[in-house]
Amino acid sequence: MKGKIKTAAVLLLALLCTGCMESKELKERTIIESVGIDKEDGELTVSMQQFLPSSSPSSPSSSEGKGEKSDSLVVTKGRTISEALDKVTHYKGNEVFLGNSTFVVLGKGTAAKGINSFLSFFNSVHEVDPGIYIVISDTNAKDIIDSESNIPVTPSTQIEEIMQQGKKGGIVGKSTLMDVLQRMHSDGASPYVPMVQTVKGENGQEQLKIAGTAIFKKDKLADVLSIEETKGLLWATNEIDHAVLVVDQKDIGRVSVEIQDSRTKIKTEIVNGIPQFTVQVKAQGRIQEVMQENGGGVTQQQMKQVAQVTEQKIESIMRQAVEKAMVKNQCDVFRFSDFLKKYQPSYWKANQKQWDEIMPQCQVRYQVECAINRTGLEGVYGKNSKEKEGAGF
């Protein structure tokens, strides 16, 4: 009996606790799919792509009273994000709803001044999904939000697509609000965020494209890694599952290698008072394409040679990323500080305040193993045939 009374009391308490948040019907809200933030002269410009059902009548855009090329684009200004969002009610009469937003884009100039306050705002809004994507524009955030506002496919849909495809292709790392905040609030690690740009497609319409990776020192944009350097970063941070590398092998020609699986481990030790990190990569792949002047096939011995050249390529792009991020900019996007905290706690405790000065002195070694298990090219080997030099496709 006492158990039933306790259960009833808990259920009653749960019912009394509901409704703490003021409920609003969808028709009373302006549903936002994506948000862009630019800061200039102490004022924020907040660009938003609102959801408009195809059957609904067009509604006027704001742009502070200036017309835009799409009814779905909303642009307001304010000293804070909250103030800018509140201005939507001045002409819409509806409150902004961010629960359907799929990404937040920050202008390059804005990111250079610091992004912590902006991300903290979105993290504090209960309706925002912590899995929302964070991206940096290579120009202004408004350019990205505005890029496809005149065609049926919204930027939020395209951002989702290029983020997902970018992860599969090994050029986009973990870029959700939660991921970026975790790296930003680490004692020594630095965040990194994909950079996007607008380009003209064949039909003349603007499209979104991954332009590299923005790396940060604290919360300020420090530099941008190229696509190739991004692959090096993601290889070192164990975020590559699939990638395509093009390597040149003297006796074969130009070869495309498809990496189908990869695993990375980091080992740490202190040598003469300086941290030394060993990046161990084990990858598996296949030869996807061979470009030879005289045609021909690929022998087992040549596959081994391709594997060696691929290992050198992986090491090279990781080395480029480390040189640019850690040595040049003192940005620990590789989370080496986290490995020191875990495996060398005494050293980290004694030296964490000097981590920025120590970073460029760190020694990084690379151990890369790549197994090319098959060519992936039909006709190189018959089912029961023996290997032949120069076997045709």
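# A guided tour of the predicted model

Before selecting anything, note that the structure holds zero disulfides, and keep in mind throughout that this is a predicted model. Two cysteines can be picked out at the start: cysteine 331, which counts as buried at 0% relative accessibility, and cysteine 362, which is also buried, with a relative accessible area of 11%.

**Helix 8**

Select residues 177–184 next. This is helix 8, and six of its eight residues are buried, so the helix is largely enclosed by the rest of the structure. To see which ones these are, colour Leu177, Asp179, Val180, Leu181, Arg183 and Met184. Then display the elements around them, since the buried residues of helix 8 pack against helix 5 (116–124), strand 6 (133–137) and strand 7 (192–200).

**The largest pocket**

From helix 8, move to the largest pocket, which holds about 430 Å³ of space. Its lining is made up of 21 residues, and a good selection for centring the view is Lys174, Tyr192, Thr237, Asn238 and Glu239, the closest of them to the centre of the pocket. Helix 8 appears again here, for it supplies at least two residues of the lining, as do helix 7 (155–168) and strand 11 (253–271). If the lining is coloured by residue class, it divides into nine charged, seven nonpolar and five polar residues.

Stay with asparagine 238, which sits in the loop between helix 9 and strand 10. Its phi is positive, at about 60 degrees, although the residue is not a glycine. Most residues other than glycine have a negative phi. Asparagine 238 is partly exposed, with a relative accessible area of 39%.

**Salt bridges**

Side chains of opposite charge can pair when their charged atoms come close. In this model the count comes to 14 salt bridges. Begin with glutamate 228 and lysine 313, whose side chains meet at 3.0 Å, N to O. Glutamate 228 belongs to helix 9 (residues 227–236) and lysine 313 to helix 10 (residues 300–328), so this pair ties together parts that are 85 residues apart in sequence. Glutamate 228 is partly exposed, with a relative accessible area of 27%, and lysine 313 likewise counts as partly exposed, at 24%.

Now select aspartate 241 and arginine 263, which form a salt bridge at 3.5 Å, N to O. Aspartate 241 lies in the loop between helix 9 and strand 10 (243–249), whereas arginine 263 lies in strand 11, so the pair ties together parts that are 22 residues apart in sequence. Aspartate 241 is partly exposed, with a relative accessible area of 47%, and arginine 263 counts as partly exposed at 47% relative accessibility.

Keep arginine 263 selected and add aspartate 261, because these two side chains also meet in a salt bridge, of 2.9 Å, N to O, under the rule that the nitrogen lies within 4 Å of the carboxyl oxygen. Aspartate 261 counts as partly exposed at 26% relative accessibility. A further selection brings up Asp187, Arg335, Asp338 and Lys341, which salt bridges that share partners join into one network.

**A last stop after helix 10**

Finish at glutamine 330, in the loop between helix 10 and helix 11 (336–343). Where does phi of glutamine 330 lie? The angle is near 55 degrees, a positive value in a residue other than glycine. Glutamine 330 is partly exposed, with a relative accessible area of 23%.

Definitions and conventions
Residues are numbered from 1 along each chain as its sequence is written. This is a predicted model: local features need pLDDT of at least 70, side-chain atom pairs count only at pLDDT 80 or more; totals for chains, interfaces and linings use all residues. Side-chain values use heavy atoms; hydrogens and water are left out. Buried means under 20% relative accessible area, exposed over 50%, partly exposed in between (1.4 Å probe, protein chains only). Helices (H or I, at least four residues) and strands (E, at least two) are DSSP runs, numbered from the N terminus. Contact means heavy atoms within 4.5 Å. A disulfide is a pair of cysteine sulfur atoms within 2.5 Å. On a 1 Å grid over the protein atoms alone, a cavity is a set of points where a 1.4 Å probe fits but cannot get out, and a pocket is an open set with protein on both sides within 12 Å along at least five of seven lines; lining residues have an atom within 4 Å of a point. Grid points are joined across faces, edges and corners, and a volume is the space filled by probe spheres set on the points. Ala, Val, Leu, Ile, Met, Phe, Trp, Tyr, Cys and Pro count as nonpolar, Asp, Glu, Lys and Arg as charged, and the others, Gly among them, as polar.
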